[in-house]
Amino acid sequence: MEEKTIQLAGSITVDELSKALGLSVTELIGTLFKNGIVATINQRLDFETASIIIDELGLKNVKLERKNTATKTTEGFRHELSDKAISRPPVVAVMGHVDHGKTTLLDTLLHKKTVEGEAGGITQHISAYQLEHNDRMITFLDTPGHEAFAAIRQHGAMLTDIVVIVVAADDGVKPQTVEAIKFAQSANAKIIVAINKIDREGADIPRTMADLAQHGLQPEEWGGDIVMVPISAKRGDNLEKLLDMILLTADIEELKADIDIPAEGLVIESHMEVGKGSVVNLLVTGGELKTGDFIVAGSSFGKIRTMLDFRGKPKGKATPSTPVTVTGFKELPNFGDRFVEVKDEKTARKMALLNAQNQANELASANVTSNDLLRMMNTVDNTKMFNVIIKGDVLGSVTSVVDSLKMIDTKGEVTLNIVATGVGDVTENDVYMAVGENTVIYGFNVTVPTNISKMAARDGVSIRTYKVIYELLDDAKHSMEDLLDAEVVEEDMGEMKIMGVFRTEKSSIIAGGEVLKGKVEAKMLGRVVRDKQYIGEVEVESVQKEKIDVKELVEGEIGGLALKTTKKITMEIGDRIKFFVRELKKKTL
Ligand code: GDP
């Protein structure tokens, strides 16, 4: 069967999906219906729902892929080079099967080629470094795993110029070697093979080459076009030759970049550090990046506060193919995000917001989400719904509010239903969506224009704005608690032994006795028990001691009680009344 990939940015309409699958709309609507979804032709389905449906249809040849359009505003990133473009260092990734020697190769190169003492100082993991060979620079990327590379590829950027595929001469081509070959080919990168571990006894270079040829890599020596260099990463044999070959390949490729354009590149690693905030590794691919520059990556932006080279030394200016570590991003950008330099903070903020809105719109654009689907699939649903719309100042805050809300343990009694999310102030549309559905609109670090709050008040929609996430979460938690049915709780108060029954009517009794423990006072309820048998329930109307009304009788005291009953009870001497109070208590989460 023909393989088919459907790219989906956020959501897809029933109509579009049926066309993409080559099915009739009726057939698709039928399948949705079988799964509990009543859909119309224009209804939008989110990614998960679409995947579940494709699965349901048994379409094994169809693959759904998320299309990332989040960085739309940085499109034009891979622009045509101008005639002023200058040559730049090649960006090289080392890939191969596990244990074939990738790490050893990168380590040996780093130690051989960096000035003594410097390499020793590099203790933390680095995602990229540069070497100098024959007075020219080469940038090496430590591949964080093929998956991450796939992510970069998905972002449409050609990050690596050359992939060095490491194959152990005593082991030959293995599954990850094949994967590396495929990756390099799909990324349009040049391949150089390093046949490693030639110092090993079992090393068989010709056999390894034949093995590679079988997988489509024809050695140059045999008339093919793939350079293969036998090396020993451990001993350092032939590494100079490998570097020569990398530079030669770079020359043939005529790798160039413009530098008189705003700086641009890719996020290759990002994490938070105490005291520094976001620490982000960038690879510059065009222009010149400097400290003080304003940059935008996806929905995050910032002004570069510090910029260091891979050795951790301050760097004032980074040219194409240079990896740097920067601080100053207000939020963590994502791995694989493109970054661009913009002229000022205002532009940076605007662009980040725009990117965030694009992302959020994609998130929120689906009418049918997998949550709905799953809920409908498990129809036993006596849980309460808490509907919310989340608005935040930036995508990051929306995401963290959503994530935190999902973390509230509702003990399965309340279902959180996120109706919509979005970046920016609360809008008329949000209020429309909330009307009648008992939906709360939460605004995090956003404002509510007066006309919108008036409209919400008129329509009975609750808009709650917060600047502190914990307060917002507290509110949500309490609101969910309010949805729970109250619990009936009883508390034991005391016990009386009946010593005399003075009057018995249809709905009242006057009796007297001794309080054995605790106390009795008006309004308390009591269970009348005879020889452990339950006789009936009473309510204390008044309490008397020596014929005078008192507030209470406590342990050891003797007195009389006027009791109310709902049906006639015949009380006898020797009966016990166990007093208690009953209250409705709000359940908490
Ligand atoms: P990776 O999983 O591809 O990163 O492989 P490593 O670099 O961790 O190497 C796996 C093992 O092979 C380690 O024990 C290395 O010391 C060893 N090794 C790597 N290169 C060579 C080499 O050229 N010769 C020999 N004899 N051993 C090597």
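**Getting to know the protein and its ligand**

In this predicted model, the protein's secondary structure adds up to 15 helices and 32 strands.

Student: What share of the 589 residues in the protein is buried?

Tutor: Buried here means under 20% relative accessible area. Taking the 589 residues of the protein together, the buried share comes to 46%.

Student: Okay, and what part of the exposed area do carbon and sulfur atoms supply?

Tutor: Start with the total: the protein exposes about 30000 Å². Of that area, the part from carbon and sulfur atoms is 49%.

Student: Now the ligand. Which helix gives the most residues to the shell around the ligand?

Tutor: The ligand has 15 residues around it, and Asp99, Lys102, Thr103, Thr104 and Asp199 come nearest. One helix, spanning residues 102-113, puts 3 residues into that shell. The top contributor is helix H4.

Student: How many residues of that shell are charged?

Tutor: Let's sort the shell by type: 2 of its residues are nonpolar and 7 are polar. That leaves the charged group, which numbers 6.

Student: Which residue has a side-chain N or O atom 2.8 Å from a nitrogen atom of the ligand?

Tutor: Polar backbone atoms come up twice, with a ligand oxygen 3.4 Å from one in His100 and a ligand oxygen 3.2 Å from one in Lys234. For the side-chain pair at 2.8 Å, with a ligand nitrogen, the residue is Asp199.

Student: And how much of the ligand's accessible area does the protein cover?

Tutor: On its own, the ligand has 570 Å² of accessible area. The protein's cover over that area amounts to 77%.

Note on methods:
Residues numbered from 1 in each chain as written. Predicted model: local features only at pLDDT ≥ 70, side-chain atom pairs only at ≥ 80, totals over all residues. Heavy atoms only, no water. Near = heavy atom within 4 Å. Polar contact = N/O pair within 3.5 Å; in protein donor to acceptor, adjacent residues only side chain to side chain. Areas by Shrake-Rupley, 256 points an atom, 1.4 Å probe, with all protein chains shown as cover. Helix = DSSP H or I, 4+ residues; strand = E, 2+ residues; numbered from the N terminus. Nonpolar A, V, L, I, M, F, W, Y, C, P; charged D, E, K, R; others polar. Buried < 20%, exposed > 50% of the residue type's maximum accessible area, 1.4 Å probe, protein only.
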